[in-house]
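Me: I would like a close look at a single part of this protein, with the reasoning spelled out where there is any. Here is what I am working from.
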Amino acid sequence: MMILEIAGILVAAMVIVLVVYLAVLRPRSHRWGATDAEVRGSLPGDELVPTPKVEYTQAITINAPPEEVWPWLAQIGYGRAGWYTYDWFYKLTGSADFYDGDRSAERIIPELQDLKVGDTIDLARGMSFEAVSLEPNRLLVLLARVDLDSGESFELSDTMPANYINISWVYALEEVDENSSRLVVRWHGDTGPGLGNALAINVPAEGGALIMQPKLLKGIKARAEAAGGQ
């Protein structure tokens, strides 16, 4: 009887946590730092995932002009400058393989600045995004579109693969004034039907929106402002 009572308490606690997350935390995290206009507005790259199953828009104001923010953004990635977020998480998962060792860079790395359309930026081992649109000091659009059965990329059509992921990850920089800028990030994700596909995209996306992405934005802000002497 005691075991059943404990199990019941645990289930009830899990339900409460889920309800609180869905009702309170999720709506806030999915628009962290963003204005109503930024959430509603369109961004380049929205068309890459026309019917997202999960999406969020987040933003931050940085006391540095776009040209001083862009170099930090251009070098992000696994095997590159890192993600400016919780490096301990990457160490824990064995994916803290960054240019400066197991910590995200605190410096501009010149050899990582020549980012071009067609280059890949890895989230971690086995998870790559392609830079499909890029305007220095203004825009970076990343795309991961993969047929999970074949491992190949595919084009959008009326007949989609049975199992796939289609994720766009957009970073848009806008000048506020000569000394500050606005960095807006948008994640659109879609998958094939089925619980497995849904979990494959929803769990990482929710964790990203709630924990990792805000820290990344704060990390870029802190580095750009420190470099500019703010």
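Which residues form one aromatic cluster? Please take that up, and then go through the largest pocket and its lining.

Reply: This is a predicted model, and what follows should be read with that in mind. The aromatic cluster is formed by Y56, W83, F129, W169, Y171 and W187, and a search of the whole structure finds twelve aromatic pairs. One of these pairs joins W88 and F89, whose ring centres are 6.3 Å apart and whose planes meet at 80°, and because an angle over 60 degrees counts as edge-to-face, that is the class of this pair. As for exposure, W88 has a relative accessible area of 54% and is therefore exposed, the cut-off being over 50%, whereas F89, at 34% relative accessibility, counts as partly exposed.

F89 also leads to the largest pocket, since F89 is listed with L123, P204, G208 and M212 as lying nearest the pocket's centre, among the 27 residues that line it. The elements that each give two or more residues to this lining are helix 4 (87-92), strand 2 (120-124), strand 5 (164-177) and helix 5 (195-227), and of these helix 5 gives the most, with ten residues. The space in the largest pocket comes to about 610 Å³. Sorted by class, the residues of its lining are 21 nonpolar and six polar, with no charged residues.

Note on methods. Residues are numbered from 1 along each chain as its sequence is written. This is a predicted model: local features need pLDDT of at least 70, side-chain atom pairs count only at pLDDT 80 or more; totals for chains, interfaces and linings use all residues. Side-chain values use heavy atoms; hydrogens and water are left out. On a 1 Å grid over the protein atoms alone, a cavity is a set of points where a 1.4 Å probe fits but cannot get out, and a pocket is an open set with protein on both sides within 12 Å along at least five of seven lines; lining residues have an atom within 4 Å of a point. Grid points are joined across faces, edges and corners, and a volume is the space filled by probe spheres set on the points. Helices (H or I, at least four residues) and strands (E, at least two) are DSSP runs, numbered from the N terminus. Ala, Val, Leu, Ile, Met, Phe, Trp, Tyr, Cys and Pro count as nonpolar, Asp, Glu, Lys and Arg as charged, and the others, Gly among them, as polar. Rings of Phe, Tyr and Trp (its six-membered ring) pair if their centres lie within 6.5 Å; planes under 30 degrees apart count as stacked, over 60 as edge-to-face and the rest as tilted. Buried means under 20% relative accessible area, exposed over 50%, partly exposed in between (1.4 Å probe, protein chains only).
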